[in-house]
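Thanks for making the time this morning; I would like to talk through one structure with you, staying with charged pairs and the contact between chains. Please have a look at it first, and then I will go on.

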Amino acid sequence: MPAGHGLRSRTRDLFARPFRKKGPTPLSIYLRTYKIGDYVDVKVNGSIHKGMPHKFYHGRTGRVWNVTKRAIGVEVNKQVGNRIIRKRIHVRVEHVQPSRCHEEILQRIKRNDELKAEAKARGEVISTKRQPKGPQTLASW
Amino acid sequence: MVFVKAQKSKAYFKRFQVKYKRRREGKTDYRARIRLINQDKNKYNTPKYRFVVRFTNKDIIAQIVSASIAGDMVLGAAYAHELPHYGLEVGLTNYAAAYCTGLLLARRVLKKLEMDDEYEGNVEATGEDYSVEPAESRRPFRTLLDVGLVRTTTGNRVFGALKGALDGGLDIPHSDKRFAGFSKDSKQLDTEVHRKYIYGGHIAAYMTTLMEDEPEKYQSHFSEYIKKGLEADGLEEMYKKVHSVIRADPTPKKSEKQPPKEHKRYNLKKLTYEERKAKLIERLNALNAAAGADDDEDDD
């Protein structure tokens, strides 16, 4: 018999729920709000059969471009041949998690704004740029 | 042989997945809860309120609750044990009391949101199906009925509370199929019967039948009613008065009790290691003494 390349082929382990986490999903998944421009991770919840993305998108991170009643539109990069296409998919909220990839820069923005405001109050000019680690001296070995 | 086979091995426990805590306690139906709480994502942070009605053996709890990740937030609550403040002393878990509790909660919440003048609701309870009409300035307060784990049969008291809240002015999507007095054959709500239930007519009827047929059972069953001097005819009057008092001032009354200075202990205090050792030595001595006494008796 031929191999079969259906929509959910080769997803026996990928879409399986983790050990001892089968059954009902926690309610906090449904209480999260997503705004356009947020970064989200796509992670399939095998127990919710509706609104599942294709297995390619499992583990990808993208930005929200649309919010509907029960689903989120996510823009994900996909390499097709010799180019990368920004693909727009719609995924139900159960298969989406807020991504922490953007968290660090958002915190840094906030802190830098505070530092700049303080410096302005003092009348100084400061640079909030990150500096790369320079060559190490013998003392630091 | 029987015992060995029934053992639960270590592997069984390692692989056992417990259900959610409130499912183990049998208190929450998560399938229903997901559907009640789920808010459209394109409504973002707009709260979705549920009108929660729960019955205990001696009380009725009605709450307006919205869900959040930190926990459910209660907007307003009304209990049947508050009804004595409004003039209802007995029968605190019947259909009429459920109606009063729902009405109390609705008026309380509307007052809190300063919508109580716009949305009077149905002042005269007639038992027919009443839905709030939108007023000019603000849309009515919308909430969804949450019955919990109750079997929703026709005439259930949760629908009494629902009717109370509807007449109080809340906007709750419903149908009259489960109100007391709905007839399956004619597929219509008999408003007279429903009105009877709201004013305790079914209780009054039972009281009169018992008084005629079994006066002793009447004395034992309705002893509290007799003590308060309530007759079968006076029930409707009483409930009408309670409704008007509720509408006049639905704000909760603060109780005058001070919290007790010393915290009462409800469970046994845990003993320290020395105390437990001492207890054991005492028990062993007692056993030995008793055994010694038995030996003496046997010798004799």
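Counted over all chains, this predicted model has 20 salt bridges, and I will take a few of them one by one, beginning inside chain B. The side chains of B:Asp72 and B:Arg33 meet in a salt bridge with an N to O distance of 3.1 Å. That pair links distant parts of the chain, since B:Asp72 sits in the loop between β2 (60–66) and β3 (73–79) of chain B while B:Arg33 belongs to helix α4 (residues 30–37) of chain B, the two being 39 residues apart. As for their surroundings, B:Asp72 counts as partly exposed because its relative accessibility is 32%, whereas B:Arg33, at 17%, falls under the 20% cut-off and therefore counts as buried.

A second pair in chain B is B:Lys163 with B:Asp167, whose closest N and O atoms are 3.1 Å apart. Here both partners lie in helix α6 (residues 157–168) of chain B, four residues apart, which is about one turn of the helix. Are these two residues buried or exposed? B:Lys163 has a relative accessibility of 0% and so counts as buried, and B:Asp167, with a relative accessible area of 0%, is buried as well.

The third pair I would point to is B:Glu224 and B:Lys228, where the side chains meet in a salt bridge at 3.8 Å, N to O. B:Glu224 is partly exposed, with a relative accessible area of 36%, and B:Lys228, at 41% relative accessibility, also counts as partly exposed. Beyond individual pairs, there are salt bridges that share partners, and these join B:Arg33, B:Arg50, B:Arg54, B:Asp72 and B:Asp146 into one network; B:Arg33 and B:Asp72 are the pair with which I began.

Let me turn to the place where the two chains meet. How many residues of chain A are in contact with chain B? There are 21 on the side of chain A, and they touch 19 residues of chain B. Between them the two chains bury about 1900 Å², of which 62% is on carbon and sulfur atoms. Of the area that chain A buries against chain B, 31% is supplied by A:Leu27, A:Tyr30 and A:Leu31, which is more than any other three residues give.

Charged and polar pairs occur across this interface too. The count between chain A and chain B is one salt bridge, and a salt bridge is found between the side chains of A:Arg70 and B:Asp40, at 3.2 Å from N to O. Six residue pairs are in polar contact between the chains, taking pairs in which both residues have pLDDT 80 or more. Helix α1 (residues 28–31) of chain A gives the most to the side of chain A that touches chain B, with three residues. Sorted by kind, the residues on that side of chain A divide into ten nonpolar, four polar and seven charged.

One last residue, in the segment before α1 of chain A, is A:Leu7. With a relative accessible area of 65%, A:Leu7 lies over the 50% cut-off and is therefore exposed. Leaving aside its neighbours within four places in sequence, A:Leu7 is in contact with A:His54 and A:Lys55. From C-alpha to C-alpha, A:Leu7 is 13 Å in space from A:Gly51, and the two are 44 residues apart in sequence.

Conventions: Residues are numbered from 1 along each chain as its sequence is written. Chains are lettered from A and ligands numbered from 1 in the order in which they are written. This is a predicted model: local features need pLDDT of at least 70, side-chain atom pairs count only at pLDDT 80 or more; totals for chains, interfaces and linings use all residues. Side-chain values use heavy atoms; hydrogens and water are left out. Contact means heavy atoms within 4.5 Å. Buried area is the accessible area (1.4 Å probe) that two parts lose on being put together, summed over both. A salt bridge is a side-chain nitrogen of Lys or Arg within 4 Å of a carboxyl oxygen of Asp or Glu. A polar contact is a pair of N or O atoms within 3.5 Å; within protein, one must be able to donate a hydrogen and the other to accept it, and residues adjacent in sequence count only if both atoms are side-chain atoms. Ala, Val, Leu, Ile, Met, Phe, Trp, Tyr, Cys and Pro count as nonpolar, Asp, Glu, Lys and Arg as charged, and the others, Gly among them, as polar. Buried means under 20% relative accessible area, exposed over 50%, partly exposed in between (1.4 Å probe, protein chains only).
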